[in-house]
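Open your viewer and keep the selection panel handy. We will go from element to element, with a short look at what to find at each stop.

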Amino acid sequence: MTTLTPILHPEALDTLREQASAVLDSDALRVVVCGGTGCNSNGSGAVYEALLAAVEERDLPLRVDLLDEAEMDALSLTFSGCSGFCEVGPIVRILPEDYFYVRVKPADAAEIVEKTLMGNEPIQRLMYKDRHSGEPYARRGDIPFYRHQVNITLDDCGLIDPADIRQYIAHSGYKALADSLFNQTPETVIDEVTKSGLRGRGGGGFPTGVKWNITHKVRGEKKYVVCNADEGDPGAFMDRSVLEGNPHAVLEGMVLAGYAIGADEGYVYVRAEYPLAVRRIRHAIQQAEEVHLLGDGILGTAFSFHIKIKEGAGAFVCGEETALIASIEGQRGMPRPKPPFPAQGGLWGRPTVVNNVETLANIPKILRNGAEWYRSFGNEKSAGTKVFAITGDIVNTGLIEVPMGTTLGDVVYKVGGGIRGGKQLKTVQIGGPSGGCLTTQHLDLPLDYDSLRSVGAMVGSGGLVVMDEDTCMVEVARFFMTFTQSESCGKCVLCREGTKRMLEILEKIVAGNGKVEDISTLEELAETVRDGSLCGLGKTAPNPVLSTLKHFRDEYLAHVVDKRCPAGQCAAFLNYSIDAAKCKGCRLCGKKCPVDAITGSVKEPHLIDQEKCIKCGACFDACRLNAVLVG
Amino acid sequence: MNSNHVTVDGVQVELNGERNVLELVRKAGIDLPTFCYHSELSIYGACRMCVCEIEGKGLQATCSLPPEPGMVLRTTTEKTLRIRRMALELLLSNHCGDCPTCSKNGQCRLQTLAQQLGVREIRFPKPEFTHELDESTPSLVRDPGKCILCGDCVRMCREVQGLGVLDFSGRGWDVTVNAAFGKPMAEVECVQCGQCVSTCPTGALTVKNETNRAWELLYDTGKTVVAQVAPAVRAAVGETFGVLDGEVAMGKLAAALRRLGFNKVYDTSFAADLTTVEEGTEFLKRLATGERLPQFTSCCPAWVKYAEQSFPDYLDNLSTCRSPQQMFGALAKKHLPDELGVASEALVVVSIMPCTAKKFEAARPEFATEGTPDVDLVLTTQEIIRMIEQAGIRFADLAPEALDMPFGMKTGAGVIFGATGGVAEAVLRLATLGSDPKNRNSIDFHDVRGMDGLKEAQVTVNDRVVKLAVVNGLENARQLMERVKSGDSDYDIVEVMSCRGGCIGGGGQPLPNDMAARERRRKALYDCDRVQAFRNAADNPFVQEAYRKWLDEPNSHTAHELLHTSYSHRRRRANETIGVNESHDPNMVAVKVCVGTGCYLKGSYDTLHRLMDQADRLGYSDRLDVRATFCFENCGGGPSVEIDGELYSHVTPDAVNRLREEVIEPKLGYTPLVKEKAPNA
């Protein structure tokens, strides 16, 4: 990329936007290879290289720089951030037609170049096909997964090149910043954010405008803006994708927050386990500083705002804002009691706004399009959209964005495409290990802050783990408790000791040693830890236990009273035996058995020694005659 | 409703500057239980015992909640009681629970609260406990199996004492309180002040119990066991028995000690008077020459160790006077055998101290004569109380007895040594009044009294204005030292006591050892001072006699030999080296390579190896004495290498060749065999 020229007044930004947009959204061919973490892991890097080689081999004019006039009509080939549909990656989009190719391999490059790029002919083989009907969809917008979404935060993810600030500017990036600095006061900015109804997307759901207003009003020479990118829920990758796919939206949100509250310094606290996100945000900071949209004298004004990156070392609890602040300060990452709230005494004791990545990414859009526009999405108390990472036993795993208040059923069946393998939905764990489980009775429940809270669950950061009928709910509770127990910082008594004891009881139950009174002890513990813990981690750690007890108490009882696992998942309750009538005595199962528990000579029915059997299921998998019985 | 009230359990309580709701609730007469709340430490919020239900706010920990007018709260509800009981049950389930044999039995807050709140069952399985005690220091014992992770010791050590010797390590269930890298306490910068012991709610940190050793000495009929009792002990020893008057308690203690079998009971205050005379004389000399000012007091062993490890550049400024305990020990061991008519080896000196660090001080090698320590055993106030209890002595019923002479004679100045400001006041009395008894009535120096962390005063001595500072608590001392270092403070004399309040709040004092108890003890000492016949140390007739008989005059050569000491730099282990390649060649070159953390990370280990490899290859390794050493305090310039006493910086492995050619080889007189010669050479 050529050297960037400093943008020292709003008109210069307007000019650059017009130039960049004219090229980016022109009729010239544009190939976008998804460079999100999912596609990247599936080999999208090699796909990009193969496409580049195929283009060069055929001497097609290739655009090297976005704004090089000599290359105006040339073909562009860039990476983008996450496209969301991770299930079918690597994904290649070809604009302006918006052909959408899935599961692309390097070997497909030549065909793509020749047919689609040179002949404008879509390749049916590479299109996404409906799971049920087999119907192919040529364009992105036709695919049900996308059709039922509303993309505000994610609209540029999967489209623009996150490494080129001009592509963000082309799509009205930093326009809200210019407008705010030149035409708005901090008060009117805060007012607009308040009116938009935006609430914290990190899980708490606190109104963002109110938080800004409190921090704005606290007197203090030095204030801070902190971007919480310590996304730690298992199976959640919303913030990661936004940082990787559209880092400038987050930076612009932070600068706007700084302007609103009167801060001149900000931190992005991001997990070190997100190397690509760290790289992209670091690069974005450099670029923004180079063009004076960040750093000293932004857009030629007297307003300065500096952003630093702090890489977290992988402690889940550092997503809690006071622990996060302690971590930035170089202290042990442990929460401290509130008050004082960060707005009063946060980073180094100064007034601090801590906002989540997705919250900040929404800010430029809100200020650009107005609070009313934003409120037109979502519902009364939960405005706008929410990004969810949807995983588990669902057809379309990936990253989705839907208006707040979309029902669980629509998310699972319309966007998510239903349950894998034609099985039945059993539960959806929402909000990660701090969240709760929803069941088929909640299919019509609107996914918003208050509706979810009313059923003992939470939006959380946006993890949605879908589980089918074969799921044991006690095991699910045990799994999540293992996570929170190992992620407890160990400071407050109830969380440190309580999560460990809950885990012990759950382990005892799935191992078949549970007693009826264990359930009441578990419930008492869970309620006490919820009521009495110091921080959000402890207060929400019992949620998986409490919600499974609420909706699936009979499964707990089956484990402790009947000594059986209704889902047939807990090994302790399984019994493997051989149906003598079906067994032909082939010895296959005996050879697979890791503990030599299966006896019987060739052509004689075999027998499993129950004392030796470790219930691993190897015999069941090995038998071709379905002679191994599980019960 | 009155706008300045909070309703606690239906009762209106007036707000009066309380920092948090917890203080307010306690003011309302409700003993809300806590483990991790201490008014002098930062708010921690971990024990969850103080949760209350607040109208409109739900369940809240009251320690961190600022009170607001109109607040309505209930302290004991179904939920709060359940939380408290559950927290206790959980703590007990992860606690070794050897209560009957625990030294904290009866004084343990975990035990008391579990009893009080009616925890009668522990439903969770106990893990196996291996008692890995840390008994590395002479003063303290750590038992991790009893730790409830309230963090009181961590914050006490860091916030009040400015040390941070203890901190948390591990996460979740695996959290433990540890010294750095899990090292024993003796190997870290612990000054053994024992303030962690005073604040620990359980038996995880206790005073090292040496009562059995005391009994052995007392049983031994061949020994003459004499006791010296420190000033601050009299203010606290009676608390357990309901005797709060310090003078009375001292008399009863003398009676109790004789019943326990001590042959003589003396007063460390006598030695404090001696200290005042020696230290005052030393100060007046320094003041006259202007050298080594400010003069720092040296009575407090924890402060002395702290200065040795943290402010070694100021060791010359410390008074060279031994502490009263050690002056007593030296004097007693030298002259008491003759006075009492016993053999030297039969005399045993036991001191009764408010202080844990005194155990460490008595064990310092410089305070031993021919291998025998001047003070044979140090018992804390806590330990002597135990012995009195073990012997079944009804302390309160004892008739007070007089102390033995000559070392039982004291002045008021020697008594107030036990409170912060006392040493300074004793020196001021001496310096400003001389020994003129007429001045006895204007002898009080109120500026240096009281519990403030830093007190300053100015007095005129020999027509010169003397600036004086008194600090207590090592964090306060640290801040003062930083100001002295930066030149922001120009004191002439500084009294430092490590513990808040001075020795009356020492780590060996009975529990509770909180600020309220310390204030009460402080008053008790000044009450004792007021009733003494003599209040200026110089007036002590037996001190005067000691000079006549044994010590010549203050700061004399004899006095120096017996009553003064010297200090050593503890910061670095610069003198400890590891011989890598020892050379016995008379013309050897001595090379020391720093392998301390800073230099190691910059590659000093490779520097060392490369140097040795090359020396081997070039055939002069037998003339090179190579040692690995720990720190030259040149970390910024690391890797550091010292060659024949001269320090070289930035000797990375790549720089070894140059150093060898330019420094080492010329010293060895070594000429490279294969070196290209300049054409004209």
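**Stop one: an enclosed helix in chain B**

Select residues 422-433 of chain B, which form helix α14: at 1.5 Å a residue its 12 residues should span 16 Å, and its end C-alpha atoms are indeed 16 Å apart. Keep in mind on this tour that the model is predicted.

Is α14(B) largely enclosed or left open by the rest of the structure? It is largely enclosed, because 10 of its 12 residues are buried. Colour the run from B:Gly422 through B:Val423, B:Ala424, B:Glu425, B:Ala426, B:Val427, B:Leu428, B:Arg429 and B:Leu430 to B:Ala431 to see the buried ones. Buried here takes 20 or more other C-beta atoms within 10 Å of a residue's own.

Now show what these residues pack against: helices α8 (268-289) and α13 (412-415), together with strands β17 (454-461), β18 (464-472) and β19 (493-497), of chain B.

**Stop two: a helix with two sides**

Stay in chain B and select 604-618, helix α20. Its 15 residues reach 21 Å from the first C-alpha to the last, close to the 21 Å expected at 1.5 Å a residue. The buried residues to highlight are B:Ser604, B:Thr607, B:Leu608, B:Leu611 and B:Ala615. They cover an arc of only 100° around the axis, so they sit on the same side of α20(B). Turn to the other side and you will find B:Asp613 and B:Arg617 exposed.

What do the buried residues of α20(B) pack against? Display strands β20 (577-581), β21 (589-594), β22 (624-629) and β23 (641-643), plus helices α19 (597-601) and α21 (656-668), of chain B. Before moving on, click B:Gly619, just after α20(B), which takes a positive phi of about 80°.

**Stop three: where the chains meet**

Bring both chains into view. In the contact region, 27 residues of chain B touch 25 residues of chain A. On the chain B side, β4 (58-61) and α2 (78-93) each supply at least two residues. Which element of chain B gives the most to this side? Select α2(B), with seven residues.

**Stop four: chain A as a whole**

Hide chain B and zoom out. Chain A holds 25 helices and 19 strands. Its radius of gyration is 27 Å, close to the 25 Å that the globule rule gives for 631 residues, so chain A is as compact as a globular protein of that length. Along the principal axes, its C-alpha atoms fill a box of roughly 85 × 65 × 40 Å. Of the 631 residues, 55% count as buried. Among contacts between residues at least 6 apart in sequence, 71% join residues at least 24 apart.

**Stop five: a four-stranded sheet in chain A**

Zoom in on the open, mixed sheet of chain A, whose strand order is β2-β1-β3-β4. Strands β2 (76-80) and β4 (99-101) stand at the edges with a single partner strand each, so one side of each is left without a neighbour in the sheet. Neighbouring strands are turned by 20° against each other on average, direction ignored.

Next, select β1 (30-34) and β3 (92-95), which pair in the antiparallel sense over four bridges. In β3(A), A:Ile94 is the bridge partner of A:Val31.

Finish in the loop between α1 (10-24) and β1 of chain A, where A:Ser26 lies. With 14 other C-beta atoms within 10 Å, A:Ser26 is partly exposed. For a last distance, pick the C-alpha atoms of A:Ser26 and A:Glu507: they are 481 residues apart along the chain and separated by 60 Å.

Definitions and conventions. Residues numbered from 1 in each chain as written. Chains lettered and ligands numbered in written order. Predicted model: local features only at pLDDT ≥ 70, side-chain atom pairs only at ≥ 80, totals over all residues. Pairing = 2+ DSSP bridges. Axes fitted to C-alpha atoms, helices over the stretch in contact; angles between N-to-C directions. Rg over C-alpha atoms; globule rule 2.2 N^0.38 Å. Contact = placed C-beta atoms within 7 Å. Expected span 1.5 Å × (residues − 1). Arc of directions from axis to C-beta.
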